[in-house]
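Let's walk through this protein together, one question at a time. Keep the 3D view open and turn it as you read.

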Amino acid sequence: MDKNFQEEFKPVIKFEPPLYKQRHQFVKDLVEKYKPKKVADLGCADCSLLWMLKFCSCIEVLAGLDICANVMKEKMHTLSPLPVDYLQPSERSLTVTLHHGSVAHKDPCMLGFDLVTCIELIEHLEESELKKFPEVVFGFMAPSIVVISTPNSEFNPLFPRVMLYRHPDHKFEWSQAQFQSWALETARCYGYSVEFTGVGHPPTGMEKVGFCTQIGVFFRKSPQTGESVQSEKPTEAVYKTVFKAVYPSLKDGKYLQNAVISEVIFTAQIIKHRLMSKREESGDDPERKSKFQHSVDSFSDCLGKLVVEKHMEPFVSGNEVYIPLSTIFSFPKVNRLCGTFEKLCKLIAGKVTLSSDGSAVMFNIEHENEEN
């Protein structure tokens, strides 16, 4: 059969999920396993991996680097906080930064990362850049974990229209043996171990071809001392920062206070509503009043099984309803936000209407009825 005819009708290989999603999921799974706080993506391109990682609760610092600023700028808006992030700040802090520059250059802004990812990056490097790459990533940055993925050239014959490389910008594509040889030597030189895996399984019966995307996961064998990092630290920055977003966080006193005030008012309103509902049900009937008092005594059963002591009972006096702060502090979310009762009092001081002795949140029923 004619060779060209065979090439034309070679079955199309499709990956489900798409290969890029499998690569990103691989990184996400690694993040969920090792819980790094600081992650850098070298060759971040359209920022899609960074966008996925910003939802990982363990990460507090995300950084992206790419040689093409325009590609980053097209999608960097996806890394900005949304309105909901301000309405419901996270308990963790998160800063996302994008830098324009080359992985062949050292910059102090890339120090201190726990995990560095290089997804489909090295095959785009010129020979001179590839020679400098290990020293920058493994020698200078020296993170605990490095993930490098690159095309497996042995898989290429299975694609119908791949003549030499999968992408016109690729400078090379390695076989499994070539990648492993480079990775093992790099790991040996810089004190790392390396594990090989990949994504994109070959068709049944062709397992020897290997994964479509081959991956090396490097683990640093021993912690790098601060002195060794400092001795190599460049005196000047070489990357240009093109984007930075600091997400609202409950670690910021301003956002924490707003969250506590909102939660205190919300909780107090719920308690007041239930209290008034029970009061209306009791009316002027002495027997009903007794039942009403019983309902107050068992207040905890109505509101999350809280243990409510006598001094914590909400009560009505004239046109005013009093919800003890000690009751509000017993609610799990308020307790978690404040940590201590003293901190609760400090955060809401002057921001919430309290009783004269400051022990309870106070509502004026008469004013509310007039408004209604």
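Q: How much surface does the protein expose, and what share of it do carbon and sulfur atoms supply?
A: Keep in mind that this is a predicted model, and that the values here are computed from it. The exposed surface comes to about 20600 Å². The part supplied by carbon and sulfur atoms is 53%.

Q: What percentage of the residues in the protein is buried?
A: A residue goes down as buried when its relative accessible area is under 20%. The protein has 372 residues, and the buried share of them is 44%.

Q: How many helices and strands are there in the protein?
A: Let's look at the secondary structure for this one. Helix 2 covers 19–34, for example, and strand 5 covers residues 145–151. The full tally is 15 helices and 11 strands.

Q: Which residues lie nearest the centre of the largest pocket?
A: This pocket holds about 690 Å³ of space. Its lining has 12 nonpolar, 8 polar and 9 charged residues. Of the 29 lining residues, those nearest the centre are Gly-43, Ala-45, Ile-119, Glu-120 and His-124.

Q: Which element gives the largest share of the lining of the largest pocket?
A: Helix 2, helix 3 (48–53) and strand 2 (61–66) each supply at least two residues of that lining. The largest share is 3 residues, and it comes from helix 2.

Q: What is phi of Ala-45, one of the residues nearest the centre of the largest pocket?
A: Find Ala-45 in the loop between strand 1 and helix 3. Most residues other than glycine have a negative phi. Ala-45 isn't a glycine, yet its phi is positive, near 50°.

Q: Is Glu-120 buried or exposed?
A: Glu-120 sits in the loop between strand 4 (115–119) and helix 6 (127–141), and its phi is positive, about 55°, although it isn't a glycine. Its relative accessibility is 17%. The cut-off for buried is under 20%. Since 17% falls on that side, Glu-120 counts as buried.

Q: How far is Ser-149 from Ile-215 in space, C-alpha to C-alpha?
A: Ser-149 is part of strand 5, and at 0% relative accessibility it counts as buried. Leaving out residues up to four places away in sequence, Ser-149 touches Glu-120, Arg-23 and Ile-215, among others. Ser-149 and Ile-215 are 66 residues apart in sequence, but their distance in space is 4.3 Å.

Q: What share of the contacts with a separation of 6 or more is between residues 24 or more positions apart?
A: Ser-149 and Ile-215, which touch, are 66 residues apart in sequence, so this pair passes the 24-position mark for a contact, where heavy atoms lie within 4.5 Å. Across the protein, the share for such separations is 73%.

Q: Where does the second largest pocket lie, given that domain 1 and domain 2 both give residues to its lining?
A: This pocket holds about 320 Å³ of space and has 14 lining residues, with Leu-87, Gln-88, Pro-89, Ala-259 and Lys-333 nearest its centre. Domain 1 (19–224 + 233–247) and domain 2 (253–280 + 308–364) both contribute to the lining, so the pocket lies between domain 1 and domain 2.

Q: Which helix gives the most to the lining of the second largest pocket?
A: Helix 5 (83–87), helix 9 (253–282) and helix 13 (332–338) each supply at least two of the lining residues. The most from one helix is 5 residues, given by helix 9.

Q: Which residues is Ser-90 in contact with, leaving aside its neighbours within four places in sequence?
A: Ser-90 lies in the loop between helix 5 and strand 3 (95–100). Ser-90 is 160 residues from Leu-250 in sequence, while their C-alpha atoms are 6.1 Å apart. Its contacts are Pro-248, Ser-249 and Leu-250.

Q: Which peptide bond is cis, with omega near 0°?
A: Most peptide bonds are trans. For this exception, go to the loop between helix 1 (3–8) and helix 2, where Pro-17 is placed. The cis bond runs from Glu-16 to Pro-17.

Notes:
Residues are numbered from 1 along each chain as its sequence is written. This is a predicted model: local features need pLDDT of at least 70, side-chain atom pairs count only at pLDDT 80 or more; totals for chains, interfaces and linings use all residues. Side-chain values use heavy atoms; hydrogens and water are left out. On a 1 Å grid over the protein atoms alone, a cavity is a set of points where a 1.4 Å probe fits but cannot get out, and a pocket is an open set with protein on both sides within 12 Å along at least five of seven lines; lining residues have an atom within 4 Å of a point. Grid points are joined across faces, edges and corners, and a volume is the space filled by probe spheres set on the points. Helices (H or I, at least four residues) and strands (E, at least two) are DSSP runs, numbered from the N terminus. Ala, Val, Leu, Ile, Met, Phe, Trp, Tyr, Cys and Pro count as nonpolar, Asp, Glu, Lys and Arg as charged, and the others, Gly among them, as polar. Domain bounds come from an automatic or database domain assignment. Buried means under 20% relative accessible area, exposed over 50%, partly exposed in between (1.4 Å probe, protein chains only). Accessible areas come from the Shrake-Rupley method with a 1.4 Å probe; for residues, only the protein chains shown count as cover.
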